[in-house]
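Student: I would like a close look at a single part of this model: the protein surface that faces one of the DNA strands. Please take me through that part, then set it in its surroundings.

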Number of protein chains: 2
Amino acid sequence: MVNIGRKEREYQEREQRILEIARPMVVREGYHALNMNRIAEELEYSKGTVYNHFPCKEEIILALAIQTLEARTSMFQRGAKFVGRSRERMQAIGVACELFARLHPEHFVVEQLVRIPSIWDKTSSRRQQLLYRAETDCLTLVSSIVHAGVGAGDLVLPEGLNAEELVFGLWSMTFGAYSMLATNSNLPALGVVNGYDAVRSHLRHMLDGYHWRPLDAELDYDLVVQRVLELHFADEMAQMAQMAMAANHTTVD
Amino acid sequence: MVNIGRKEREYQEREQRILEIARPMVVREGYHALNMNRIAEELEYSKGTVYNHFPCKEEIILALAIQTLEARTSMFQRGAKFVGRSRERMQAIGVACELFARLHPEHFVVEQLVRIPSIWDKTSSRRQQLLYRAETDCLTLVSSIVHAGVGAGDLVLPEGLNAEELVFGLWSMTFGAYSMLATNSNLPALGVVNGYDAVRSHLRHMLDGYHWRPLDAELDYDLVVQRVLELHFADEMAQMAQMAMAANHTTVD
DNA sequence: GTCAATTATTGACCAAAGGTCAGAATCCGT
DNA sequence: ACGGATTCTGACCTTTGGTCAATAATTGAC
């Protein structure tokens, strides 16, 4: 049965290659440039073979979105390893979330696309379930920290709001803000100078509003961020520094 | 010159009709169903004439988005008429925002679409400027309330955060949350039972976090919402009630 | 090693849809 | 009524998502 194994492996590898080819197409040139002919060409297989893997173009988008979510969850998991009180660990998730958005803006484009009804509706419910599963995994990770906070007595949820709904709020804020930062070039003209700083401030004040202890005034969360970065995201911090340097150079030039 | 006037008027009316035809197409059947041939057919003019008005399909989406933003701004303006302290007036904007999202979910689809780079990039910078202008008008209205709050001493903005960035936070939260509520049917399964209530709670707690007086504990904002609805959105309240009744009926049936 | 059955691959083909433009139709001032 | 300007038309072109009958490759029984 070693041959069946090889076949299967080759099939999986080709599926990955299709996604590797498709992602930069979507990211660099937009949804319209995602072209089945071009994918087949770059893959060096015929179009029919590509359609053997994905029944339609939209299914590729969905597959990319699932990968994206998995990548984000794994980033969140690294943040969640931070040892500390519940709100510190939530701050660690926030660090992971911001890093993910800033280092991999390409993932965001895909997440926005997959929400478009005319794209979503063309995909198979099998893969839709996979995305839902990935989404659940990510949300469960975050809401477990909320539950821990409630359990430790650091947080009291107001009546009529459950832990998942609180996470929904954090998710909405980051999704909305990072989407706009990635796509709305009018923001600086509107007076939004540093969007990422603003998001961090909003999240912190929102959790303060819910009285999640220790409050911002009771603990230096900037220090927590520093420690999270050093302990769990050293590589990403270096990448960010490199990006900042590159940006400086182009500004100077 | 009365004839030139008539011509011009007919041209404008036809442009409106194109948008009236296009909106339900996008809303009911999605972006893919927005079809220039069908528009021409329903308009009872040839395709070339439609292209006289809009150089490409995407330009129609952008025009719809501008209309949407104008409709939202006018709703916000009605809310802003509420007489009270700054945070009460911000609450009135919140009421307008939620009503707009719930009563006109079709507008949301368009706002999401126009952010897609592959759509945005195909539009004329002339119309892009129009959208930016409409966006500025809306944001300015809201940020003027923040400024009023600061001026009255009810709100002290933390260092490094300006009024526009605070509004950006409210905007991100509502945009992100209402987008997801409109497109992610997995939310109830994730535990998000009542998304709209959650958003209201988040906004309130966020503003509490910023210590915008009077705090939630110092004033009954549910009562403010009631008064805003009665004073400025009586029609919309009736519509909501009707929608709720219709939903009940289908549930019962 | 051979061969038939099964499976995988191909690329010509189709239909749908965005976009163009030369000519037809209409309008308008004289 | 006329001629020039403007507007409108729809046949036509191109691109591209998607199909499927024909072909090639693989496999396993003998």
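Tutor: Start with the make-up of the surface near DNA strand C. Its residues divide into five nonpolar, seven polar and five charged. Keep in mind that this is a predicted model.

There are 17 residues around DNA strand C. Those that come nearest are Arg14(A), Ser46(A) and Thr49(A) from one chain, with Lys47(B) and Tyr51(B) from the other. Which parts of the fold supply this surface? Four helices each give at least two residues: α3 (47-53) of chain A, and α1 (2-29), α2 (36-43) and α3 (47-53) of chain B. The biggest giver is α3(A), with three residues.

Now the DNA side. Take the atoms of DNA strand C within 4 Å of the protein: 65% belong to sugar or phosphate. The rest belong to bases.

Three phosphate contacts can be picked out on this strand. Arg14(A) places a polar side-chain atom 2.8 Å from a phosphate oxygen of DNA strand C. Tyr51(B) has a side-chain N or O atom 3.3 Å from a phosphate oxygen of the strand. Lys57(B) uses its backbone: an N or O atom there lies 3.1 Å from a phosphate oxygen of DNA strand C.

Next, DNA strand D. This strand is surrounded by 15 residues. The closest are Met36(A) and Lys47(A), along with Arg14(B), Ser46(B) and Thr49(B). Of the strand D atoms within 4 Å of the protein, 68% are sugar or phosphate, and the rest are in bases.

A base contact appears here. A polar side-chain atom of Lys47(A) lies 2.4 Å from a base oxygen of DNA strand D. The side chain of Tyr51(A) has an N or O atom 3.3 Å from a phosphate oxygen of DNA strand D. A backbone N or O atom of Lys57(A) is 3.0 Å from a phosphate oxygen of that strand. The elements that give two or more residues to this surface are α2 (36-43) and α3 of chain A, with α3 of chain B. By type, the surface near DNA strand D divides into five nonpolar, six polar and four charged residues.

How do the two protein chains relate to each other? A turn of 180°, with a shift of 0.0 Å along the axis, lays chain B on chain A with an RMSD of 0.0 Å. That is the relation of a two-fold axis. The interface fits this picture. Of the interface residues of chain B, 100% are also interface residues in chain A, so the copies meet through the same surface.

Look at that interface itself. In it, 52 residues of chain B are in contact with 52 residues of chain A. Together the chains bury about 4,400 Å² between them. Carbon and sulfur atoms account for 68% of that area. Phe168(B), Met180(B) and Leu190(B) supply 15% of the area that chain B buries against chain A, more than any other three residues.

Now step back to one whole chain. Chain A has 13 helices and zero strands. Its C-alpha trace spans about 60 × 50 × 35 Å along the principal axes. Of its 253 residues, 53% count as buried. Consider the contacts in chain A between residues at least 6 apart in sequence: 72% of them join residues at least 24 apart.

One helix shows the burial well. In helix α6 (residues 105-114) of chain A, eight of the 10 residues are buried, so the helix is largely enclosed by the rest of the structure. The buried residues of α6(A) include Phe108(A), Val109(A), Val110(A) and Leu113(A). His107(A), Glu111(A) and Gln112(A) are also among them.

Finish with a residue in the other chain. Arg89(B) has its place in helix α5 (residues 86-103) of chain B. Is Arg89(B) buried or partly exposed? Its relative accessibility is 22%, so Arg89(B) counts as partly exposed. Leaving out residues up to four places away in sequence, Arg89(B) touches Ala80(B), Phe82(B), Gly84(B) and Ile145(B). Arg89(B) and Val142(B) are 53 residues apart in sequence, yet their C-alpha atoms are 9.4 Å apart in space.

Definitions and conventions: Residues are numbered from 1 along each chain as its sequence is written. Chains are lettered from A and ligands numbered from 1 in the order in which they are written. This is a predicted model: local features need pLDDT of at least 70, side-chain atom pairs count only at pLDDT 80 or more; totals for chains, interfaces and linings use all residues. Side-chain values use heavy atoms; hydrogens and water are left out. A residue is near a molecule or strand if one of its heavy atoms lies within 4 Å of it. A polar contact is a pair of N or O atoms within 3.5 Å; within protein, one must be able to donate a hydrogen and the other to accept it, and residues adjacent in sequence count only if both atoms are side-chain atoms. Ala, Val, Leu, Ile, Met, Phe, Trp, Tyr, Cys and Pro count as nonpolar, Asp, Glu, Lys and Arg as charged, and the others, Gly among them, as polar. Copies are superposed by least squares on the C-alpha atoms of residues with pLDDT of at least 70 in both. Contact means heavy atoms within 4.5 Å. Buried means under 20% relative accessible area, exposed over 50%, partly exposed in between (1.4 Å probe, protein chains only). Buried area is the accessible area (1.4 Å probe) that two parts lose on being put together, summed over both.
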